[in-house]
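Open the model in your viewer and switch to a cartoon view. Each stop below gives a selection to make and then says what is there.

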Amino acid sequence: MGNIGNYDEKYSSFRWKMSEQELSYGKDGMFNLAYYCSDLICERGHGDKLAFLWQGFKGEKKEYTYHDLSVASNTIAQYLAGHGMKPQDRVCLFMDKIPELYISFLGVLKMGGIVQPLFSAFGEDALFTRLEDAQTRAIFTTMKHVRKIRRIRDKLPDLQFVFVVNAGDKKLEKGEYAFSLAGIPRVDTFDIYKADPEAPSVLHYTSGTTGKPKGAQHVHSSIIAQHVTARWALDITPDDIYWCTADPGWVTGTSYGIIGPWSNGVTQVILDAGFSSEKWYQFIQQHKVTVWYTAPTAIRLLMKDGTSMVEKFDLSSLRHLISVGEPLNAEAVIWSEKAFGKPFYDSYWQTETGAIVITNFPGMKVKPGSMGKPFPGITATVIDEKTLEPITTPGRVGLIALKPGWPSMFRTYWNNKEMYDSKFKNNWYICGDRASIDQDGYFWFVGRDDDVINTGGHLVGPFEIESALLEHEAVAESAAVGKPDPVNMEVVKAFVALKSGFQPSADVELSIMNFIRKKLSPLAMPQEIEFVDSLPKTRSGKIMRRLLRAKEWGEEIGDTSTLEND
Ligand code: PRX
């Protein structure tokens, strides 16, 4: 049997150079991705084109052309520079999906800063860990979220500026600054930071099994991969109305909610409202969305409301549908064909890969349940866990591995080069997922190779949950694992052993839940606590989460000696 996957370079004919050329129209030495996402589009004569239409949860709307986007991001860049902010300073964005979030993303980059987007639902502990690690110097937030920062501010000596968007006449504390785009002088032209291709751009924190979340650090030239994959994998063209449902607190919301679409000069629509199938269909109908990028959890929620809900709306504008973040089950693909007359195309990637690496391309035959094939320019395969060599037998499960060197590859984990280096073995970048490849080269996802919980497409590390639990006076030890869930694929379940003197009871459970609720984001909150006398451990004392997990999933545990070695 010959090679499978496309790790033989001859299958990988596409050269990233092509897209570098495509992106070389800008000013000399200018590789600042914010320039390509706003000013360049204006210079090409599309300043009057709508960059985005934003709709809030009450139905209120705002529209920004590419020219507006250029000026507003200049204004923010100047505002930051005026406060003495310098290139490479970390600026956190901690807001709901309001227009300022999207605009300041570009503004920070134009100033030369490193953007650190964080999901606005994070609790104070989650926020603290990430701000402390990045030594963040400034943060944009809103009145709704500022109190979480106030509670941890004293412990963050590097955090100099808290910019509170639309604070109005609300009373602010020391070191907080009311920020409003309308309230500061508008800046038509700004001397954009001349980022070289390797200049740091975005810092996205992602969870692993052990230790604190790690900041995957990206560079300005990541735009090459995001631009090209948005064009060819998401199939967005200048005439499209594009909707990415992801929050920029997560990587999908920046790579494909900002950089990919805007560098392609497309009009996007943004909905800052909670999920409801009716509202979503209405949104598509009203704005005539043509390309829609969403996640399996959302698709499963839509499925629950059935095709009868779909039939109430005119969704004929939809041309291409893509999914990301979790396994897209075959059932969802088949349902989507029935409901929308077209399948959802799966796409696979990670915070670390920065852009789509395995996917179903438009025009390619979709095998429901498969993630598709490596994107041209990406060399991907599955390797044997022990030999670290590519598997050549179709259908045999191994670790997904990529040949390093694609433009949007993370360049390090912030302050954690050791962990970064540990992801590369035998000249492969190991994604940490298991899959098999069939005889036609299609990848089939099997599961994660670590203890990270994927709930609704969002990765949650057991470490953060367990740390929060351990701070409660009654908890002696704890383990967090994923348990099956019909909508979110998995939700968090915590196993807790109590200290002597405490007995399991509904009161203790409530007390623990209330205690950790403040610390964690709603996503990371356990849906269930099971009290146990003790937790299963390896001989070296590590908690065997996989054993607990396997029980929840009704899986064969088999030989635990491999777990012993973990
Ligand atoms: O386990 C894989 C799963 O999500 C992980 C990456 O999560 P994150 O870094 O938060 O990035 C999310 C944006 C892509 C992967 O390691 N994952 C992602 N896409 C898929 C998937 N699992 C199955 N099928 C997918 N299409």
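Start with the sheet of three strands, which in this predicted model is open and has the order S25-S26-S27, with mixed pairing. Select residues 475-485 for strand S25 and 528-531 for strand S27; these are the edge strands, and each pairs on one side only. From one strand to the next the twist averages 25°.

Now add residues 489-498, strand S26, which pairs with S25 in the antiparallel sense over 10 bridges. To see one opposed pair, show Glu477 and Ala497: Glu477 stands opposite Ala497 in S26. Strands of a sheet pair through backbone hydrogen bonds, either parallel or antiparallel.

Which strands does helix H16 touch? Select residues 506-517 to show H16, which packs on the sheet and touches S25, S26 and S27. The direction of H16 makes about 130° with that of S27. Helix H15 lies across S25 and S26, and runs at about 140° to S25.

Keep H15 on screen, residues 462-470, and select helix H6, residues 124-134, since H15 is among the elements that cover the buried residues of H6. How many of the 11 residues of H6 are buried? Eight are, and H6 is mostly covered. Colour Glu124, Ala126, Leu127, Phe128, Thr129, Arg130, Leu131 and Ala134 to mark the buried residues of H6. Other elements that cover them include strand S3 (90-94), strand S4 (114-117), strand S5 (138-142), helix H7 (143-150) and strand S8 (200-206). Then click on Gln135, just after H6: this residue takes a positive phi of about 45°.

The next stop is a pair of packed helices. Two packed helices are described by the angle between their axes and the distance between the axes. Select residues 66-82 for helix H4 and residues 99-111 for helix H5; the two pack at an angle of about 55°, with their axes 7 Å apart. That angle makes H4 oblique to H5. The crossing of H4 past H5 is right-handed.

Show side chains where the two helices meet. On the H4 side are Leu69, Ser70, Ala72, Ser73, Asn74, Ile76, Ala77, Leu80 and Ala81. On the H5 side are Ile103, Ser104, Leu106, Gly107, Val108, Lys110 and Met111. By type, the residues of this contact of H4 with H5 divide into 10 nonpolar, five polar and one charged.

Last comes another open sheet, this one of nine strands in the order S2-S1-S11-S10-S12-S13-S14-S15-S16, with mixed pairing. Its edge strands are strand S2 (61-65) and strand S16 (373-374), each pairing on one side only.

Select strand S1, residues 50-56, and S2: the two run antiparallel and are joined by five bridges. S1 and S2 form a hairpin with four residues between them, and Gly59 in the turn has a positive phi of about 95°. Across this pairing, Trp54 stands opposite Lys62 in S2, and Gln55 stands opposite Lys61 in S2.

Is S1 mostly covered or mostly exposed? S1 is mostly covered, with six of its seven residues buried. S1 also pairs with S11 in the parallel sense over five bridges, and here Leu53 stands opposite Val269 in S11.

Finish by selecting residues 277-287, helix H10. H10 lies across S1, S2, strand S10 (241-244), strand S11 (267-272) and strand S12 (291-294), and runs at about 150° to S11.

Definitions and conventions: Residues are numbered from 1 along each chain as its sequence is written. This is a predicted model: local features need pLDDT of at least 70, side-chain atom pairs count only at pLDDT 80 or more; totals for chains, interfaces and linings use all residues. Side-chain values use heavy atoms; hydrogens and water are left out. Axes are lines fitted to C-alpha atoms, for helices over the stretch in contact, and angles run from 0 to 180 degrees between N-to-C directions. Angles under 35 degrees count as roughly parallel, over 145 as roughly antiparallel, 65 to 115 as roughly perpendicular and the rest as oblique. A crossing is left-handed if the near helix is turned anticlockwise from the far one by less than a right angle, and right-handed if clockwise. Contact means heavy atoms within 4.5 Å. Ala, Val, Leu, Ile, Met, Phe, Trp, Tyr, Cys and Pro count as nonpolar, Asp, Glu, Lys and Arg as charged, and the others, Gly among them, as polar. Two strands pair if DSSP finds at least two bridges between them. Buried means under 20% relative accessible area, exposed over 50%, partly exposed in between (1.4 Å probe, protein chains only).
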